[in-house]
Amino acid sequence: MSLVAIVGRPNVGKSTLFNRLVGMRQAIVDETAGVTRDRHYGKCEWCGNIFSVVDTGGYTSNSEDVFEEEIRKQVMAAIEEADVILFLVEVGTGITDFDEEIADILRRSGKPVLLVVNKVDSADKRFDSYQFYSLGLGDPWDISSANGSGTGDMLDKLVSMLPDSKEDADKYAGVPRITVVGRPNAGKSSITNAFLGEERNIVTPVAGTTRDSIESHYNKFGHEFILVDTAGLRKKNKVNEDLEFYSVMRAIRAIEHSDVCILMIDAQYGVEAQDMAIFNLIVKNNKGCVVVVNKWDLVTKSSNTMKEFTEAVRRKLAPFSDIPVIFTSVIKKQRILDVLDAAAKVYDNYSKRIPTSTLNEIMLEEIDNYPPPSVKGKYIKIKYVTQLPTACPSFAFFCNLPQYIGESYKRYLENKLRSHFDFTGCPIRIYMRQK
């Protein structure tokens with residue numbers, strides 16, 4: 001699928017245009033310069049042509065901001081990847097030094113460039129856009145990304161520049177979605193970069209560096225996933241910026257749309273209240289889970305440290321403790337592939353379907369061995385069990401008095417399902433139905 005990169009200096013409206021092209025509020029928009037930090041991907045469809053769009057952070061140079069150098073690298077990487085570059089400038093400010101610097105880079109890149117002048121929302125401003133001819137990048141296209149004027153003509157031109165715009169929209173349909181979640185600074189972006197083998201996401205020691213949920217296609221070592229890196233989820237009373245609020249909401253939405261979540265825990269702190277809150281969010285959304293204990297190289301160890309830590313983690317996560325726990329050091333690339341293998345296994349368990357005949361043969365025998373306790377002199381008889389056609393493993397048990405079956409017996413049934421059929425890493429839903 002063809003890729004279009006939106007580049008420009010900070011605050012010219014790149015994320016607003018990106019949101020308009022993909023048809024949803026996917027990138028965070030705020031008046032603060034430098035909100036977008038990572039490359040952010042989406043799909044755009046125009047007149048039957050489908051192409052990918054990447055939003056980049058604002059390009060600057062010679063700045064002391066810790067993020068600016070990293071943002072500049074991300075912009076350069078996006079230019080390298082793109083088939084067509086959409087260079088966004090702003091009519092109100094005119095040509096700045098940054099605009100000239102970016103224009104120079106684009107001319108040297110040899111890539112097709114579409115020069116787009118944003119914030120042209122009145123007839124008077126059209127005359128001001130002629131100054132951009134001096135950048136030497138062809139005709140400037142006047143648009144207003146906020147209200148959409150001029151974007152149709154601009155898209156017609158953009159589509160004509162694409163090398164191969166007609167391609168299957170659902171290229172990655174059916175590919176598992178693996179989402180990396182955790183508290184700020186647990187190493188989520190680092191592990192995503194380690195998987196991909198490139199600096200795909202910005203990593204700094206500052207908590208809250210990642211703001212958008214970043215998707216990447218991973219296809220190596222026999223595994224194929226859509227990997228999603230998210231913003232760190234912290235306590236509500238610590239979320240004091242509008243931007244961070246949107247980031248947290250986006251991370252929660254990424255969990256909702258995933259198949260398996262990799263929960264990153266900092267080995268130096270162990271499982272804290274915020275980790276539990278994120279884990280409960282995963283379970284509430286019925287998603288598969290792999291727990292990754294990162295920064296294991298920084299922990300002082302004895303012969304049983306790993307075993308004791310694993311038991312402590314499982315105790316905290318009880319009653320849903322049938323989860324793979326993997327100890328890594330992302331910096332030292334320790335056991336990185338084990339995480340992918342575990343995520344793939346959990347996805348297989350998550351999408352597993354058990355034939356009804358096998359299910360009844362095994363589970364009815366277990367129920368006969370330990371029948372539900374009688375309530376008020378009434379005996380409960382479970383006659384039949386079947387797996388429901390849901391994304392998460394769910395089972396319906398048909399009986400005469402479903403209202404009298406308590407949580408403890410449902411837990412017994414869940415444990416027996418886990419012991420006979422491998423559901424490691426997956427929450428199991430049990431429903432009692434009237435026969």
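This section describes the cores, a three-stranded sheet, a helix and the cysteines of a predicted model.

The largest nonpolar core holds 27 residues. Ile 191, Phe 195, Ile 262, Met 264 and Val 290 touch the most other members. Six elements are named here as giving two or more residues each to this core. Four are strands: E7 (177-182), E9 (223-229), E10 (260-266) and E11 (288-294). The helices are H6 (188-196) and H10 (336-350). H10 gives the most, with 8 residues. The surroundings of Ile 262 show how these parts meet. Beyond its neighbours within four places in sequence, Ile 262 is in contact with Ile 178, Thr 179, Val 180 and Val 181. Contacts of Ile 262 also include Phe 195, Val 290 and Val 292. Val 339 and Ala 343 complete the list for Ile 262. Another core lies apart from this one and has 25 residues. Among them are Ile 255, Cys 289, Ile 323 and Val 325.

An open sheet is formed by 3 strands. Their order is E13-E14-E15, and the pairing is mixed. Strands of a sheet pair through backbone hydrogen bonds, in either the parallel or the antiparallel sense. E14 (residues 394-399) and E15 pair in the parallel sense, over 6 bridges. In this pairing, Ala 396 stands opposite Tyr 431 of E15. Helix H11 (residues 356-369) packs on the sheet and touches E13 and E14. The direction of H11 makes about 140 degrees with that of E13. E13 and E15 (429-434) each have a single partner strand, so one side of each is left without a neighbour in the sheet. The twist averages 25 degrees from one strand to the next.

Gln 387 belongs to the edge strand E13 (residues 382-387). Gln 387 counts as buried because its relative accessibility is 11%, and the cut-off for burial is under 20%. Two polar contacts tie its side chain to backbone atoms. One reaches the backbone oxygen of Lys 352 at 3.0 Å. The other reaches the backbone nitrogen of Ile 354 at 2.8 Å. Leaving aside neighbours within four places in sequence, Gln 387 is in contact with Lys 352, Arg 353, Ile 354 and Leu 359, and also with Pro 393, Ser 394 and Phe 395.

Helix H1 (residues 14-22) is mostly covered. Of its 9 residues, 7 are buried. The buried residues of H1 are Lys 14, Ser 15, Leu 17, Phe 18, Asn 19, Leu 21 and Val 22. Gly 23 follows H1 and has a positive phi, near 80 degrees.

The cysteines were also examined. A disulfide is a covalent bond between the sulfur atoms of two cysteines. A search of the whole structure finds 0 disulfides. Cys 44 is in no disulfide, and the nearest cysteine sulfur, that of Cys 47, lies 9.8 Å away. For Cys 47, also in no disulfide, the nearest cysteine sulfur is that of Cys 44, at 9.8 Å. The pair is therefore unbonded, because a disulfide needs sulfur atoms within 2.5 Å. Cys 44 is buried, with a relative accessible area of 2%. Cys 47, in contrast, counts as exposed, at 58% relative accessibility.

Definitions and conventions. Residues numbered from 1 in each chain as written. Predicted model: local features only at pLDDT ≥ 70, side-chain atom pairs only at ≥ 80, totals over all residues. Heavy atoms only, no water. Buried < 20%, exposed > 50% of the residue type's maximum accessible area, 1.4 Å probe, protein only. Polar contact = N/O pair within 3.5 Å; in protein donor to acceptor, adjacent residues only side chain to side chain. Contact = heavy atoms within 4.5 Å. Core = buried A, V, L, I, M, F, W, Y, C linked by side-chain atoms within 4.5 Å. Pairing = 2+ DSSP bridges. Axes fitted to C-alpha atoms, helices over the stretch in contact; angles between N-to-C directions.
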